Amino acid sequence: MGDTNYLSAEFKRLFYKKSVLISVLVVLLVPLIYAMIMLSPKWGPQDNIDNLPIAVVNNDQGADNEGEIVNIGEELVGNLEANPTLGWDFVSSEEADKGMDDMEYYMVIEVPEDFSKRALTVLDDNPERPELKFSQNEGLHYMAAQVTDSAIDTIKNQLSTQITETYVQTVVDKLGGVADGFSEAADGVEQINGGSNELKDGSDLMLSSLTEKSGDINRLADGSQELNAGTNELLTNLTGKSADILKLADGANELSAGAGELKAGTDDLKAGTGELKAGAGELQAGTNELKAGTGDLKAGTNELKAGTDDLKAGSSQLKAGSSELSQGTQDLKAGSTELKAGAVEASAGSDELLDALDVNDGRVGAGITELAAGTETARSGVIESIESLKMLQMGLESLANTPEDDDAYDELIQGINALTAVLASSIEEAEQEKIPDLDRLVAGGEELRAGLADADGEFKSGLIRLNNGLGELSAGAQELDAGATQLVDGTNELKAGAAELDAGAGQLTAGAAELDAGAGQLNAGANELSSGTNELSSGVGELVDGANELNAGAGELSAGAVQVADGNQTVKAGWAQLEDGATQLHDGSTQIKDGNSQVKDGWSELTDGTTQIDDGLLQVVDGSAELHEGLTGGAEEASALDPQDENIAMFAEPVVLDGEVINSFPFYRDANAPYIITLALFVGILAMSFVVPYRKPAILPPSAVSWYAGKIANLTLLAVAQALIISLYSLFILKIEVHSGLQFVLFSVWVSLTFLMIVLFLVVLAGNIGRFAALAFAVIQLSTTGSELPIHMLPEGLRSLSVFLPFTYSIDGFKNIITLGSTSSVWANIGVLFIYFATFALLSGIVFFIRYRRLNREEFAEEDGTETAV
């Protein structure tokens, strides 16, 4: 009945008092308003970047590329105007500088005057790289700086692709000129071949006609004129194309050198993979050592557990000894009380005796008898007290000699030794001073009894001295009783300290058991790590094999390039020989021409020369036929190189990206929703502590359990209401997309209850200081639980700290429900949050129990038969 009344009173105070109810409703709306503000916008940091002002200055003057004007800067401006991804502002250099000084532009991009001119020097002996200049004002905004960094990289890649296309087109055009040169050379050689055939026919005819007709000498002279003209044309063509043949040979040499560099690079890759394989071996050995170390740790924790069990047994013995010591001090207190009473009785008897002597009314004998009895009783009490003190001293010394290794136990033993010293001093003082005084007191009583018959002045003076001695005895008994009281208090503190030591030993034993279990888990993790390093070592072996294959392919490519270079050198040498032969042929035809003028002077010499010409023409016919065939084939192969725009684009940008994004965010707010909802729930619980009394009951509760249960029932209702408001608003009003709406609502409730237990413990324990601690606890978690940066990108210290913070698991749980869809991860986070919930619920219950024992019941008054709050 008392529990029901208390719960009813708690609910009435919360829901029947308008001011409290309004405050609660306002507090419930605080996290909702926070969520509305932070989660309502659907824009992201990349949505409005076309408003970001970027100045573009084009100073490019263009360049002449074999009669064609090239202006890469104008092409860049045209592309940017067609694709306004950022707020491009095309201005002059002066306007750009002024805009940067006035903080109007986030970046200025400048294309220099000689940009196109430098780009066309790629085939020159000393090529110059074109430079794209930019100036970035990062201080205006960090996120804007990141966007402009990406923009400048994009422009650089775009210009690089565009310039590469120009380079490729230039090379292709020059290859077309080489093909034309081959065709012209083939035509010339064909003419040479035809001319040489005709010359051979003429020389044959000349030889046959020399003996027949002298008139044919004139036709021979005409043929020699034609031969001289043909050889001159051949020599001119060969000399004109000699430079192209040299360029082709040089290009083949550069190709061979590049293939050699590729081979050297694959050699380095092969060596690096060897080092990687060695490193993987070292990693595997290290994990084996870690595995052995965790085994040793497991054995050490077992020994620690055994030691804590021994400590628990010793503390239990200490607790029992302190109880016995407490009983001994109680006995001592009783003896000192009897001693005090006996001294008082003796003093009263001496006073009565002295009065009796003064009035001489016959009561002297009875008073003296009573005095003797009192002094004997006092003496017996003192002796009994001394014996009790000796027994207590022996017990303390025995307790102090008990060996134990613990700081708290050492402090307790020091207290016992100090108490033993006080007891020894008290016993020595009693034996040396108090007992002799009592002996003298008893002797004086006997003398008084014997001297009653004399009734002279000495008896009266002795009685006065006896009375004074009894006064001193009474004062000493008072001091002894006070000392005994202090001794009882000391033994009670000793008993309490022994109980606390025994409780601490129990907690230490439990902690050792948990440490032993953790060492077992660490050993299991080391085994899993060892398995992973074995798999890594296997993968590194496969990488080494791949590097070897790549090295072998590069070797074959290098060998092929060398063969191409050697072949082009052969062509170069053959071309030179052909040029020399054409020169010789031209000289020979000149000689023929000159010889025809001397035919009449020496017919026989003409016949011999004609025979030589006939033999030479036969060689010329065969050589020109072979040269014509080779030049025709080279012209056909060079003409076959006709790259289209697609081929040139592939040269300029050989690799394209083909990827996908999984678990993407529909809106930017979805990325921040786990962090915002977590913070809103925690802030709501903390704000609730300002309007809902966490520490004071509505009425005097019948028990600590009733008080605790009533608070939990009230606050749980509010925490669940807060979670339902935020989660349902996010689902149905903000339309946040989640994998499971029910899971989202239930997880929000669970997170809210966990935060409730944390804040409840801190506030009930320390009030406003606890609220400040809860606020500091939330601030610590703002940047260490994966809200702004992934946990893996945090510094090592913060990364280790985040493992122990509840925000980490709340944010990760909401993230899996909203975007990732991993139910197993959600349950894992629920499990960790349950540990926080159970731990702080238990701590809160302990604090409520302690506070209930200290509750000031005078603050509650009876009203209508029940205890209600004032």
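**Helix α4 and its sheet**

In this predicted model, strands β1 and β4 pair in the parallel sense over 4 bridges.

Visitor: What makes β1 and β4 a pair of strands?

Guide: Two strands count as paired if DSSP finds at least two bridges between them, and β1 and β4 are joined over 4 bridges, so they meet that condition. One of the residues involved is A55, whose bridge partner in β4 is D89.

Visitor: Why are β4 and β6 said to stand at the edges of the sheet?

Guide: The open sheet has 4 strands in the order β4-β1-β5-β6, with mixed pairing. β4 (87-90) and β6 each have a single partner strand, so one side of each is left without a neighbour in the sheet. From one strand to the next, the twist averages 20°.

Visitor: Which residues of helix α4 are called buried, and why?

Guide: In α4, residues 93-101, the buried ones are A96, G99 and M100, and they are called so because the relative accessible area of a buried residue is under 20%.

Visitor: How do you know that these buried residues lie on the same side of α4?

Guide: They cover an arc of only 100° around the axis, which puts them on the same side of α4. On the other side, E94, K98 and D101 are exposed, a word that stands for over 50%.

Visitor: What covers the buried residues of α4?

Guide: The cover includes β1 (53-58), β5 (107-111) and β6 (133-136). The helix lies across these three strands, β1, β5 and β6, and runs at about 160° to β5.

Key
Residues are numbered from 1 along each chain as its sequence is written. This is a predicted model: local features need pLDDT of at least 70, side-chain atom pairs count only at pLDDT 80 or more; totals for chains, interfaces and linings use all residues. Side-chain values use heavy atoms; hydrogens and water are left out. Buried means under 20% relative accessible area, exposed over 50%, partly exposed in between (1.4 Å probe, protein chains only). Helices (H or I, at least four residues) and strands (E, at least two) are DSSP runs, numbered from the N terminus. The arc is that of the directions from the helix axis to the C-beta atoms. Contact means heavy atoms within 4.5 Å. Axes are lines fitted to C-alpha atoms, for helices over the stretch in contact, and angles run from 0 to 180 degrees between N-to-C directions.
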